[in-house]
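The following exercises concern the structure shown below. Each task is followed by a solution in steps.

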Amino acid sequence: MVSRNLSDWVSDLLPQLAPEQVPDMAMPPANDPQPVEVVPAMPSPPAEGIDLSSVTHAERRAALTGSAMALLGEARHYGVSVVVRCGHPRLSGKLPPEATETRFLHRLGESRRAVVIAADSLARGWSVEWDEEYTEYRITPPRRAVTADVEPYVVDVPANRRPASWVDTEGKPVPDGSVCQCCRGTLWWREMMRPQGWRCRTCHPPTGAVPVTEQDTREGADGTPARIAS
């Protein structure tokens with residue numbers, strides 16, 4: 001029986017992997033004398049992204065001091081890194097054959113949630129330091145950003161966060177100060193004609209098939225939507 005974590009991880013990464021890198025999850029033994037009837041596999045549903053906005057500080061501390069950190073270090077050893085996009089893990093780089101021999105992807109899959117939380121925490125500015133005096137790891141949350149006078153900024157508070165996309169057929173402007181809850185982006189777009197809703201440009205970039213309208217919601221930026229031809 002394949003764990004849900006592993007199948008989700010494979011669903012996340014399958015487009016990036018070479019055939020020989022896909023984890024061997026349900027293959028019959030090579031020396032099995034009985035003929036095996038090959039049944040076409042049903043397509044697996046896409047893995048659900050992890051809602052990182054609901055992750056507690058306790059979960060982040062646990063992920064940053066557990067096996068997930070060792071897996072992130074092993075990824076760096078292989079010359080790749082784990083990045084998180086809207087709650088989904090992505091591998092940046094190409095795994096060497098050694099990673100297949102050590103079942104690296106299998107072990108990543110078994111710790112999918114913890115690895116995603118740890119990678120996201122580091123990207124947000126959490127730090128992990130070894131305390132020699134108390135012989136334990138010291139976990140420090142990110143400091144609140146200090147506002148700068150030289151450029152617009154956004155105060156990232158829960159009230160300002162919005163999903164990476166939402167339906168809005170009326171084409172109402174995005175409220176000033178809105179921040180994507182997935183990537184903390186502040187640039188949004190929608191169709192110029194017959195708008196279907198606003199999307200975060202980082203998480204859901206436009207395809208270029210139709211002209212779009214963009215809006216920047218940083219404080220200090222001009223809140224008027226800019227009409228551009230995509």
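Helices (H or I, at least four residues) and strands (E, at least two) are DSSP runs, numbered from the N terminus. The structure is a predicted model, in which local features need pLDDT of at least 70 and side-chain atom pairs count only at pLDDT 80 or more, while totals for chains, interfaces and linings use all residues. Residues are numbered from 1 along each chain as its sequence is written, and side-chain values use heavy atoms, with hydrogens and water left out.

**Exercise 1.** Determine in which helix Arg-60 is found, and whether Arg-60 is buried or exposed.

Step 1. Arg-60 belongs to helix H2, which covers residues 57-64.
Step 2. Buried means under 20% relative accessible area, exposed over 50%, and partly exposed in between (1.4 Å probe, protein chains only). Arg-60 has a relative accessible area of 5% and is therefore buried.
Step 3. Contact means heavy atoms within 4.5 Å. Leaving aside residues up to four places away in sequence, Arg-60 touches Leu-52, Val-55, Ile-117, Asp-120, Ser-121, Arg-124 and Trp-126.

**Exercise 2.** Identify the buried residues of H3 and state how they are placed around the axis.

Step 1. Ala-68, Leu-71, Leu-72, Glu-74 and Ala-75 are the buried residues of H3.
Step 2. These residues lie on the same side of H3, because they cover an arc of only 160° around the axis; the arc is that of the directions from the helix axis to the C-beta atoms.
Step 3. The face turned away from the buried side carries the exposed residues Ala-70, Arg-76 and His-77.
Step 4. The buried residues of H3 pack against H2, S1, H5 and H6.

**Exercise 3.** Describe the largest nonpolar core and name the elements that give two or more residues to it.

Step 1. A nonpolar core is a set of buried Ala, Val, Leu, Ile, Met, Phe, Trp, Tyr and Cys residues joined through side-chain atoms within 4.5 Å.
Step 2. The largest such core has 26 residues, and those with the most contacts inside it are Leu-52, Val-82, Leu-95, Phe-104 and Val-115.
Step 3. Two or more residues come from each of H2, helix H3 (67-77), strand S1 (81-85), helix H5 (104-110) and H6.
Step 4. H6 supplies the largest share, 5 residues.
Step 5. A second, separate core of 8 residues includes Trp-166, Trp-188, Trp-198 and Cys-203.

**Exercise 4.** Explain how the side chains of S1 are arranged and how S1 pairs with S2.

Step 1. In a regular strand the side chains alternate between the two faces of the sheet.
Step 2. In S1, Val-82 and Val-84 point to one face and are buried, while Ser-81, Val-83 and Arg-85 point to the other and are not buried.
Step 3. Two strands pair if DSSP finds at least two bridges between them. S1 and strand S2 (residues 88-92) pair in the antiparallel sense over 5 bridges, with Val-84 opposite Pro-89.
Step 4. The two strands form a hairpin with 2 residues between them, and Cys-86 in the turn has a positive phi of about 55°.

**Exercise 5.** Find how many disulfides there are.

Step 1. A disulfide is a pair of cysteine sulfur atoms within 2.5 Å.
Step 2. By this rule the count is 0.
Step 3. The sulfur of Cys-182 has its closest cysteine sulfur in Cys-86, and the 3.4 Å between them is too far for a bond.
Step 4. Cys-183 is likewise in no disulfide, the nearest cysteine sulfur being that of Cys-200, 3.5 Å away.
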